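Reader: I should be grateful for a close look at the enclosed space in this protein, with its lining set out residue by residue. Please then place that space within the wider structure, and state the cut-offs behind each term.

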Amino acid sequence: MAKLQKSIDKRNALVKATIELVNNNGFHATPMSKIAKMANVSPATIYLYFENKQDLVNKTYVEVKADYTKYAFETYKEDMPIEAGFKLIWNRIADFKLKESENAMFLAQCDNTPMIDEISRQEGIKHLQPLLDLWERGRQEGIIKPLSDYLLYAYAINPLSFLMITQKRGVFQLDKAHLEEAYQSAWSSIKVCQ
């Protein structure tokens, strides 16, 4: 049992080191040797858990995306009204991005790099299914604009990454009023105007 835990700890250390190094240096300036050193394991140990750097980054992405969406949908119920459901999910996403900023920064970088392969991207999208289903129900009920999920995500969710990054840089501090304004802007961007 102790051996299994030690193995899990090593893998987790590799994932954590990958996230930190990618956030600080970018994908290409994060060699396996630096990841191993930061995780306090030998470089050969990485290959017990991952085939190569691409595999490490893709699996880290899917793992972090799963944690992100688990948090986002934890208190969501499928039978909630559209706006109430969206507001709950949006606020949970905002909360994750602010509290788990290292993981959120890593996901933001992954969203903007060709380093993540298409299989991993599609796996990541699957984790968003409750939000996509909510939007589809909203489109059918005439509450959500008849736009693609990609456009809805770009207008309603992606701005949170920008706000998180500006807060992390110390340029802008998100307070409760700013978050409410950001939510209202997100909701206004996707709801059908009456």
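Author: The largest cavity has a volume of about 40 Å³. A cavity here is a set of points, on a 1 Å grid over the protein atoms alone, where a 1.4 Å probe fits but cannot get out; grid points are joined across faces, edges and corners, and a volume is the space filled by probe spheres set on the points. A search of the whole structure finds one cavity of 30 Å³ or more. This is a predicted model, in which local features need pLDDT of at least 70 and side-chain atom pairs count only at pLDDT 80 or more, while totals for chains, interfaces and linings use all residues. Residues are numbered from 1 along each chain as its sequence is written, and side-chain values use heavy atoms, with hydrogens and water left out.

The lining of the largest cavity consists of Lys65, Tyr68, Lys97, Ala104, Leu107, Ala108, Asp111, Tyr153 and Ser161, where a lining residue has an atom within 4 Å of a point. By class, five of these residues are nonpolar, one is polar and three are charged. In this scheme Ala, Val, Leu, Ile, Met, Phe, Trp, Tyr, Cys and Pro count as nonpolar, Asp, Glu, Lys and Arg as charged, and the others, Gly among them, as polar. Helix 4 (53-73) and helix 6 (101-111) each supply at least two lining residues, and helix 6 gives the most, with four. Helices (H or I, at least four residues) and strands (E, at least two) are DSSP runs, numbered from the N terminus.

Lys97, one of the cavity-lining residues, is also among the buried residues of helix 5; buried means under 20% relative accessible area, exposed over 50%, and partly exposed in between, with a 1.4 Å probe and protein chains only. The buried residues of helix 5 are Ile82, Gly85, Phe86, Ile89, Trp90, Arg92, Ile93, Ala94, Phe96 and Lys97. Their cover includes helix 4, helix 6, helix 8 (129-140), helix 9, helix 10 (158-168) and helix 11. Helix 5 comprises 18 residues (82-99), so at 1.5 Å a residue it should span 26 Å, and its end C-alpha atoms are indeed 26 Å apart. The expected span is 1.5 Å times one less than the number of residues.

The open spaces may be described in the same way. A pocket is an open set of points with protein on both sides within 12 Å along at least five of seven lines. The largest pocket holds about 390 Å³ of space. It is lined by 15 residues, of which Asp111, Ile125, Leu128, Tyr150 and Tyr153 are the closest to its centre. Helix 4, helix 7 (118-126) and helix 9 (149-156) each give two or more residues to this lining, with the most, five, coming from helix 7. The lining divides into six nonpolar, four polar and five charged residues. Asp111 and Tyr153 thus appear in the lining of the largest pocket and in that of the cavity.

The second largest pocket has a volume of about 230 Å³. Asn12, Val15, Lys16, Ile19, Glu20, Glu63, Val64, Asp67, Glu102 and Asn103 line it. Two or more of these residues come from each of helix 1 (2-25), helix 4 and helix 6, and helix 1 provides the largest share, five residues. Three of the lining residues are nonpolar, two polar and five charged.

Helix 4 also carries Asn58, which counts as buried because its relative accessibility is 4%. Leaving aside neighbours within four places in sequence, Asn58 is in contact with Met115, Ile116, Asp117 and Ser120, contact meaning heavy atoms within 4.5 Å. Ser189, in helix 11 (residues 176-190), is likewise buried, at 18%. With the same neighbours set aside, Ser189 is in contact with Lys145, Tyr155 and Ala156.

As for the whole, the protein has 11 helices and zero strands. Of its 194 residues, 43% count as buried. Among contacts between residues at least 6 apart in sequence, 70% join residues at least 24 apart. Along its principal axes the C-alpha trace spans about 60 × 35 × 30 Å.
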